[in-house]
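Work through the following exercises with the sequence and the structure at hand. Each task is followed by a solution in steps.

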Amino acid sequence: MPHWLTDHHVIRSMHTSTTSARQRHGLQPLVLDLSMSLAAQRWAVEMSRTGYRHSPWQRPYVWRECIHCGPTSAAACVRDWVWSPDHRSILLSGRRAGFGYWKTNGGHTFWAAEIT
């Protein structure tokens with residue numbers, strides 16, 4: 001079923017960029033999951049308000065997480081994650097994912113991926 005978040009061009013671009021990275025390693029695309037995308041979106045917004053940080057202890061689910069602050073495009077965000085061994089291992093794991101993005105009025109960007 002279509003949803004404003006998973007149909008958003010930035011979220012689609014994050015998914016497409018992640019799929020390309022996974023295909024270069026011989027892996028199938030992650031299934032874009034609405035509930036995980038809603039959680040990632042909430043986390044991106046929360047980081048914009050309270051600061052950029054990992055905090056699995058504040059969230060009730062056990063998904064692996066990638067976060068980022070600063071890139072101006074989804075492709076640049078995913079590229080940075082792929083270049084980081086820890087983040088790359090997360091992107092190359094799992095079968096389902098959700099993506100979130102927030103841009104503040106000041107132009108600061110916050111990115112989140114939840115993967116299981």
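## Exercise 1: Helix 2

In this predicted model, the buried residues of helix 2 are Met36, Ser37, Ala39, Ala40, Gln41, Trp43, Ala44, Val45 and Met47.

**Task.** Determine what the buried residues of helix 2 pack against, and check the length of the helix against the span expected at 1.5 Å a residue.

**Solution.**

1. The packing partners of these buried residues are helix 1, strand 1, strand 2, strand 3 and strand 4.
2. Helix 2 covers residues 34–50 and packs on the sheet, where it touches strand 1, strand 2, strand 3 and strand 4. Its direction makes about 30° with that of strand 3.
3. An α-helix has 3.6 residues a turn, so residues three or four places apart point the same way. Among the buried residues of helix 2 are Met36, Ala40, Ala44 and Met47.
4. The expected span is 1.5 Å times one less than the number of residues. For the 17 residues of helix 2 this gives 24 Å, and the end C-alpha atoms are 24 Å apart, so the two values agree.
5. After the helix comes Gly51, with a positive phi near 120°.

## Exercise 2: The sheet

**Task.** Establish the order of the four strands in the sheet, and state which strands stand at the edges.

**Solution.**

1. Strand 1 runs parallel to strand 3 (residues 96–103), and two bridges join them. Val31 has Arg96 as its bridge partner in strand 3, and Leu32 has Ala97.
2. Strand 3 pairs with strand 4 in the antiparallel sense, over seven bridges. One of the bridges links Lys103 to Thr109 of strand 4.
3. Strand 3 and strand 4 form a hairpin with five residues between them. Gly107, in the turn, has a positive phi of about 90°.
4. Strand 2 and strand 4 run antiparallel and are joined by six bridges. Here Cys66 has Ala113 of strand 4 as its bridge partner.
5. Put together, the pairings give an open sheet in the order 1-3-4-2, with mixed pairing.
6. Strand 1 (31–32) and strand 2 (64–69) are at the edges, because each has a single partner strand; one side of each therefore has no neighbour in the sheet.

## Exercise 3: Strand 4 and an aromatic pair

**Task.** Decide whether the residues of strand 4 are buried or exposed on its two faces, then classify the aromatic pair found in the structure.

**Solution.**

1. Thr109, Trp111, Ala113 and Ile115 point one way from strand 4. Phe110, Ala112 and Glu114 point the other way.
2. All of these residues are buried, that is, seven of the seven residues in the strand.
3. A search of the whole structure returns one aromatic pair. The ring centres of Tyr101 and Trp111 are 4.4 Å apart and their planes make an angle of 45°.
4. Planes under 30 degrees apart would count as stacked and over 60 as edge-to-face. At 45°, the pair is therefore tilted.
5. Tyr101 lies in strand 3 and Trp111 in strand 4, ten residues apart in the chain. Both are buried, and Trp111 is also the bridge partner of Tyr101 in strand 4.

## Exercise 4: Helix 1, helix 3 and the cores

**Task.** Describe the surroundings of His15, and identify which element supplies the largest share of the largest nonpolar core.

**Solution.**

1. His15 belongs to helix 1 (residues 9–24). Buried means under 20% relative accessible area, so His15, at 14%, counts as buried.
2. Leaving out residues up to four places away in sequence, His15 touches Leu30, Val31, Leu32 and Phe99.
3. Helix 1 lies across strand 1, strand 3 and strand 4, at about 135° to strand 3.
4. The largest nonpolar core has 21 residues, and those with the most contacts inside it are Ile11, Met14, Trp81, Leu91, Phe99 and Trp111.
5. At least two residues of this core come from each of helix 1, helix 3, helix 4, strand 3 and strand 4. Helix 3 gives the largest share, five residues.
6. A second, separate core has seven residues, including Ala40, Met47, Ile67 and Phe110.
7. In helix 3 (residues 74–83), the buried residues are Ala74, Ala76, Cys77, Val78, Trp81 and Val82. They pack against helix 1, strand 2, helix 4 and strand 4.

Definitions and conventions
Residues numbered from 1 in each chain as written. Predicted model: local features only at pLDDT ≥ 70, side-chain atom pairs only at ≥ 80, totals over all residues. Heavy atoms only, no water. Buried < 20%, exposed > 50% of the residue type's maximum accessible area, 1.4 Å probe, protein only. Contact = heavy atoms within 4.5 Å. Pairing = 2+ DSSP bridges. Axes fitted to C-alpha atoms, helices over the stretch in contact; angles between N-to-C directions. Phe/Tyr/Trp six-rings, centres within 6.5 Å; stacked < 30°, edge-to-face > 60°. Core = buried A, V, L, I, M, F, W, Y, C linked by side-chain atoms within 4.5 Å.
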